[in-house]
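Hi everyone, thanks for making time today. I'd like to walk you through a structure that is new to most of us, so please have a look at it on the screen.

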Amino acid sequence: GELTDCFYWRNVPGVERALLVVGTEKEQDKPASIQIWNTAHGSGARVHTFEFSEQAFAGGAFVEHICGFAQLRPAVGCPPLVVGLSTGQVLLLMARDAATTFEIILNMTGLEEPIVALAADVCETNYVAAADESGRVVVWGLELIREGVYGYKVSYEFDSGVDPCSVIGVRDGVLVTGHVSGMLRFHHVKSKYMYADMVTNSKTIMCMDMHPERDWVAVGGE
């Protein structure tokens, strides 16, 4: 299928270099898929493929395409890969046995439309945030039960309403949302409120990056 997104999955135990993760869309005779490639020595060997061919996985709806990727930064163990789907679901993938086997370990719910923005906390606080096409935003708090095993709960959620969220970032429990108006908004996840906003762009904010150690946010827009 046609490529919809790609991402370098870094710091996976047993992998010399990053894994390249590729998302594809559903075609008439091919399901949407996640392909994982090992980039060691530039060989580009595909090591695993997840195909979303069953309606049951998505609660009765086909996965039309993969919407985006992110990566957690746990204190121990393999960093899980976060995947957003066109069904509104957000998955957590784990690499095991020196990246010879891969497993979907969580299916996080709370959104119903295709994911348009996805982020994982750039620190070690284990938050995952996503926004869907309707403008709804959900932040999940993940709990490391034991190495490689996670549970989750919804920590913060809201509707961005007439000014939909277009891009998202999380750093140390602070959620930053960029919007179609060019507005940047700052939210405290644990206290569940927005505490600051500013106009940074004249049109839609299209991309965002957050510094893992300093209070810096970089944004770009139309």
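I'll start with the sheet, go on to the cores, and finish with one glutamine. One thing to keep in mind throughout is that this is a predicted model.

Let's begin with the sheet. Four strands make up an open sheet, in the order β9-β10-β11-β12, and their pairing is antiparallel. Which strands stand at the edges? They are β9, residues 115-120, and β12; each has a single partner strand, so one side of each has no neighbour in the sheet. On average, neighbouring strands here are turned by 20° against each other, ignoring direction.

Now let's follow the chain through the last three of those strands. Strand β10 covers residues 127-132 and strand β11 residues 136-146, and five bridges hold this antiparallel pair. The two form a hairpin with three residues between them, and in its turn Gly135 has a positive phi of about 95°. From β11 we go on to β12, residues 149-159, which is joined to β11 by 10 bridges, again antiparallel. That hairpin has two residues between its strands, and Gly148 takes a positive phi near 85°.

If you want a residue to look for, try Val139. On one side, Val139 of β11 stands opposite Ala129; in β12, its bridge partner is Tyr156. Further along, Leu142 is opposite Tyr152 in β12.

Next, the cores. In soluble globular proteins, nonpolar side chains tend to be buried together. Here, the largest nonpolar core has 41 residues, and Trp9 and Ile34 touch the most other members. The strand that gives the most to this core is β7, residues 90-96, with six residues. Leaving out neighbours within four places in sequence, Ile34 has contacts that include Val21, Val22, Phe50, Phe52, Ile66, Phe69 and Leu93. There is also a second, separate core of 14 residues, with Ala119, Ala131, Phe158 and Ile168 among them.

Finally, the glutamine I promised. Gln71 is found in strand β5, residues 66-71. Is Gln71 buried or exposed? Its relative accessible area is 16%, which is under the 20% limit, so Gln71 counts as buried. A polar atom of the Gln71 side chain lies 2.7 Å from the backbone oxygen of Arg10. Not counting residues up to four places away in sequence, Gln71 touches Phe7, Tyr8, Trp9, Arg10, Pro79, Pro80, Val82 and Ala120. You may recognise Trp9 from the largest core.

Thanks for listening!

Conventions: Residues numbered from 1 in each chain as written. Predicted model: local features only at pLDDT ≥ 70, side-chain atom pairs only at ≥ 80, totals over all residues. Heavy atoms only, no water. Core = buried A, V, L, I, M, F, W, Y, C linked by side-chain atoms within 4.5 Å. Buried < 20%, exposed > 50% of the residue type's maximum accessible area, 1.4 Å probe, protein only. Contact = heavy atoms within 4.5 Å. Pairing = 2+ DSSP bridges. Polar contact = N/O pair within 3.5 Å; in protein donor to acceptor, adjacent residues only side chain to side chain. Axes fitted to C-alpha atoms, helices over the stretch in contact; angles between N-to-C directions.
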